[in-house]
Amino acid sequence: MFAAQGYARASGRLGVCVVTSGPGATNLVTGIADAMSDSIPILCITGNVATRWLGRNAFQEGDIVSIVRPITKLARQVDNAAEIVTAMRVAAATALSGRPGPVLLDFPKDIQQARLAPDVSSACDSSRRVIAIAPALPDALGADVCAQLAGLLAGSHRPVIYASGGIIATGQRELLTRLAETLNCPVVLTLMGLGAMDPAHPLYLGPLGMHGAWCANVAVNQADLVLALGVRFDDRVIGGPEAFARDANIVHIDLDQRELGKNRSVRLGLHADLRKALPMLLHLARPMATDA
């Protein structure tokens, strides 16, 4: 499981792991919970006892779908061999769409061993593209939002960028550095964000939080504007929410709307893809740099 996570994080592609039933499936739980928290796209394939033995406490039977449903984007048992191709494609698309995360498909033994008639097999169109349903995102930041952002940037004297894994997942390392250089402001990263900026860059202060760098924590807590990019305000990073960046205006940009204001109230929460939001931020930041 953790090898699949490593592959997914290093490649940006879907990680896959395959395990047997019962204890093989339950051994995945910690890794699945971790992938869900860290937004890592993983497809978990588990075996199970034959369909006729389900619910009878058969040897190494486990209701893995019920166990992992709260910590996956999708968890289902495939009970018809004719649905295997579609189920696999939908699961992969779901893991990769929107905010990435883990999915699980459970296959009873008889479904694994089933033989499909030629006409059924040919009906499984493996070339058809499957797009999972993901929460809709605004096409662009509206004029009113841009005006608010411009006002916050213009009124800031001690801005800090607080970034995490969202920068890496969206491939925005270069733009993050350009934004920091344009604003001439420091950057702090979470554990999931390490690697989003060259550690030798003079504007990089190090990791933030309980086990982070002293200067990174001081900078954030003395900032008057915090640009929180693709972060989830984890308790090990912010400590007590009421004390974190107490005197700062916080702008939080995230792909997952549920994260906005969840752990820390913010001045401006933007439900947006960083691939669209960062270029707009950079565009708004350039006049501030010219004025300075």
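In which helix of the protein chain is confidence lowest, and in which strand is it highest? That is where I would like to begin, since what we have in front of us is a predicted model. Confidence is lowest in helix H7, residues 118-123, where the mean is 56, and it is highest in strand E6, residues 187-189, at 97. For the protein chain as a whole, the mean pLDDT is 88, and 90% of its residues reach 70 or more.

Let me turn to the overall picture. The protein chain contains 13 helices and 10 strands, and its C-alpha trace spans about 70 × 35 × 30 Å along the principal axes. Of the 292 residues in the chain, 47% are buried. The accessible surface comes to about 14,900 Å², and carbon and sulfur atoms account for 54% of that surface. If we take the contacts in the chain with a separation of 6 or more, 68% of them are made by residues that are 24 or more positions apart.

Next comes the largest pocket. Rolling a probe the size of a water molecule over the atoms shows where empty space is left. In this model, about 1,100 Å³ of space lies in the largest pocket, and the lining is formed by 48 residues, with Asp38, Ser164, Gly165, Gly166 and Met192 lying nearest the centre of the pocket. Which parts of the chain each supply at least two residues of that lining? Among them are helix H1 (2-11), helix H3 (29-37) and helix H9 (165-169), and further along the chain we find helix H12 (235-238), strand E9 (249-254) and helix H13 (274-291). By residue type, the lining divides into 22 nonpolar, 14 polar and 12 charged residues.

With the pocket in mind, I would like to look at Thr190, which is placed in the loop between E6 and strand E7 (204-207). Not counting residues up to four places away in sequence, Thr190 touches Tyr162, Ala163, Ser164, Gly165 and Val237, and two of these partners, Ser164 and Gly165, were named a moment ago among the residues nearest the centre of the largest pocket. Is Thr190 buried or exposed? Its relative accessible area is 7%, and it therefore counts as buried. As for distance, the C-alpha atoms of Thr190 and Leu149 lie 23 Å apart in space, with their positions 41 residues apart in sequence.

Helix H1, which contributes to the pocket lining, also holds Ala4. Ala4 is buried because its relative accessible area is 9%, and, leaving aside neighbours within four places in sequence, Ala4 is in contact with Gly15, Val16, Cys17 and Ile42. Ala196, by contrast, is 192 residues away from Ala4 in sequence, and the two C-alpha atoms are 21 Å apart.

A further alanine, Ala180, is found in helix H10, residues 173-183. Here the relative accessible area is 0%, so Ala180 is buried. Its contacts, again without the neighbours within four places in sequence, are with Ile161, Cys185, Val187, Met197 and Leu203. Between Ala180 and Asp63, which are 117 residues apart in sequence, the C-alpha to C-alpha distance is 48 Å.

Met88 belongs to helix H5, residues 84-96. Why does Met88 count as partly exposed? The reason is that its relative accessibility is 28%, and partly exposed covers the range between under 20%, which is buried, and over 50%, which is exposed. Beyond the neighbours within four places in sequence, Met88 is in contact with Leu43, Ile45, Leu105 and Phe107. One of these, Ile45, is 43 residues from Met88 along the chain, and their C-alpha atoms are separated by 9.4 Å.

Finally, I would draw your attention to the loop between strand E2 (42-48) and helix H4 (64-68), where Asn57 is found and where Gln60 lies as well. Asn57 has a phi near 60 degrees, which is a positive value in a residue other than glycine, and for Gln60 phi is near 55 degrees, again positive in a residue that is not glycine. As for accessibility, Asn57 counts as exposed because its relative accessibility is 70%, whereas Gln60, at 31%, counts as partly exposed.

Notes:
Residues are numbered from 1 along each chain as its sequence is written. This is a predicted model: local features need pLDDT of at least 70, side-chain atom pairs count only at pLDDT 80 or more; totals for chains, interfaces and linings use all residues. Side-chain values use heavy atoms; hydrogens and water are left out. On a 1 Å grid over the protein atoms alone, a cavity is a set of points where a 1.4 Å probe fits but cannot get out, and a pocket is an open set with protein on both sides within 12 Å along at least five of seven lines; lining residues have an atom within 4 Å of a point. Grid points are joined across faces, edges and corners, and a volume is the space filled by probe spheres set on the points. Helices (H or I, at least four residues) and strands (E, at least two) are DSSP runs, numbered from the N terminus. Ala, Val, Leu, Ile, Met, Phe, Trp, Tyr, Cys and Pro count as nonpolar, Asp, Glu, Lys and Arg as charged, and the others, Gly among them, as polar. Buried means under 20% relative accessible area, exposed over 50%, partly exposed in between (1.4 Å probe, protein chains only). Contact means heavy atoms within 4.5 Å. Accessible areas come from the Shrake-Rupley method with a 1.4 Å probe; for residues, only the protein chains shown count as cover. pLDDT is the predictor's confidence in each residue, from 0 to 100.
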